[in-house]
Amino acid sequence: MLAQRMMWIAWPAFLVAGMLETLVFAVLDPQDLQWFGRPLPLSRQAVYSLSFFVFWILAMVSSGLTTLLAASSADDHQ
């Protein structure tokens with residue numbers, strides 16, 4: 001059951017992270033990004049990779065909270 005719940009969390013989050021990555025970097029060029037007024041010392045590929053994992057983690061937190069709340073709600077009704 002744990003593996004199934006993890007897939008309920010990870011797979012939709014992966015898809016959302018991919019869509020966010022596409023949308024964000026269709027508008028922004030990683031080379032134009034700055035951190036405290038200085039250009040990022042990372043390559044484009046590094047920025048793409050890091051941002052994908054940040055998006056994926058944030059989406060997993062969201063999916064995990066939804067799964068947790070749905071499980072808690074189902075437990076209350078029984």
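**Q&A on a predicted two-helix model**

Q: How much area does the protein chain expose, and what share of it do carbon and sulfur atoms supply?
A: Keep in mind that this is a predicted model. The protein chain exposes about 6,100 Å². The part supplied by carbon and sulfur atoms comes to 70%.

Q: Which pattern does the protein chain follow, read along the sequence?
A: The protein chain has two helices and two strands. Put in sequence order, these elements give the pattern α-β-β-α.

Q: Why is the protein chain described as more spread out than a compact globule, and what is its radius of gyration?
A: The C-alpha atoms fill a box of roughly 55 × 20 × 20 Å along the principal axes. For 78 residues the globule rule gives 12 Å. The protein chain counts as more spread out than a compact globule because its radius of gyration is well over that, at 17 Å.

Q: What share of the 78 residues is buried?
A: To count as buried, a residue needs a relative accessible area under 20%. Within the protein chain's 78 residues, the share that passes is 19%.

Q: Among contacts with a separation of 6 or more, what percentage comes from residues 24 or more positions apart?
A: Start with the contacts in the protein chain that have a separation of 6 or more. Of these, residues 24 or more positions apart account for 67%.

Q: Are the rings of Phe-52 and Trp-56 stacked, edge-to-face or tilted?
A: Eight aromatic pairs turn up in the model. For the Phe-52 and Trp-56 rings, the centres are 5.7 Å apart and the planes make 45°. Stacked needs under 30 degrees and edge-to-face needs over 60. The 45° angle meets neither of those, so the pair is tilted.

Q: Which helix holds both Phe-52 and Trp-56?
A: The two residues are four apart in sequence, about one turn of the helix. The helix they share spans residues 44-76, and that is H2.

Q: Of Phe-52 and Trp-56, which one counts as buried?
A: The cut-off for buried is under 20% relative accessible area. Trp-56 has 22%, so it ends up partly exposed. At 17%, the residue that counts as buried is Phe-52.

Q: Which residues do ring pairs link into a cluster?
A: Phe-52 and Trp-56 are both in it. The cluster made by ring pairs reads Trp-11, Phe-14, Phe-52, Phe-53 and Trp-56.

Q: Which residues does Ser-63 touch, not counting those up to four places away in sequence?
A: Ser-63 sits in helix H2 and is buried, with a relative accessible area of 16%. Leaving out residues up to four places away in sequence, Ser-63 touches Ile-9, Pro-12 and Ala-13.

Q: How far apart in space are Val-61 and Ala-13, C-alpha to C-alpha?
A: Val-61 belongs to helix H2 and is partly exposed at 47% relative accessibility. In sequence, Val-61 and Ala-13 are 48 residues apart. In space, their C-alpha to C-alpha distance is 8.6 Å.

Q: How far apart in space are Val-16 and Arg-38, C-alpha to C-alpha?
A: Val-16 is in helix H1 and counts as partly exposed, at 34% relative accessibility. The sequence separation between Val-16 and Arg-38 is 22 residues. Their C-alpha atoms are separated by 30 Å.

Q: How much accessible area does the nonpolar patch on the surface have?
A: The patch is formed by Met-7, Trp-11, Phe-14 and Leu-15. Leu-15 lies in helix H1, residues 2-27, and is partly exposed with a relative accessible area of 41%. Together, the four patch residues have about 410 Å².

Q: Which side chains meet in a salt bridge?
A: The model has one salt bridge, and its N to O distance is 2.9 Å. One partner is in helix H2 and the other is in the loop between H1 and strand S1 (34-35), so the pair links distant parts of the chain, 15 residues apart. Both partners are partly exposed, Arg-44 at 37% and Asp-29 at 26%. The pair that meets is Arg-44 and Asp-29.

Q: What is the phi of Phe-36?
A: Most residues other than glycine have a negative phi. Phe-36 is found in the loop between S1 and strand S2 (38-39) and is exposed, with a relative accessible area of 75%. Although Phe-36 is not a glycine, its phi is positive, at about 55°.

Technical notes: Residues are numbered from 1 along each chain as its sequence is written. This is a predicted model: local features need pLDDT of at least 70, side-chain atom pairs count only at pLDDT 80 or more; totals for chains, interfaces and linings use all residues. Side-chain values use heavy atoms; hydrogens and water are left out. Rings of Phe, Tyr and Trp (its six-membered ring) pair if their centres lie within 6.5 Å; planes under 30 degrees apart count as stacked, over 60 as edge-to-face and the rest as tilted. Buried means under 20% relative accessible area, exposed over 50%, partly exposed in between (1.4 Å probe, protein chains only). Contact means heavy atoms within 4.5 Å. Patches are made of residues with over 30% relative accessible area and no salt bridge: like charges are joined within 9 Å, nonpolar side chains (Val, Leu, Ile, Met, Phe, Trp, Tyr) within 5 Å. Accessible areas come from the Shrake-Rupley method with a 1.4 Å probe; for residues, only the protein chains shown count as cover. The radius of gyration is taken over C-alpha atoms; the globule rule is 2.2 Å times the number of residues to the power 0.38.
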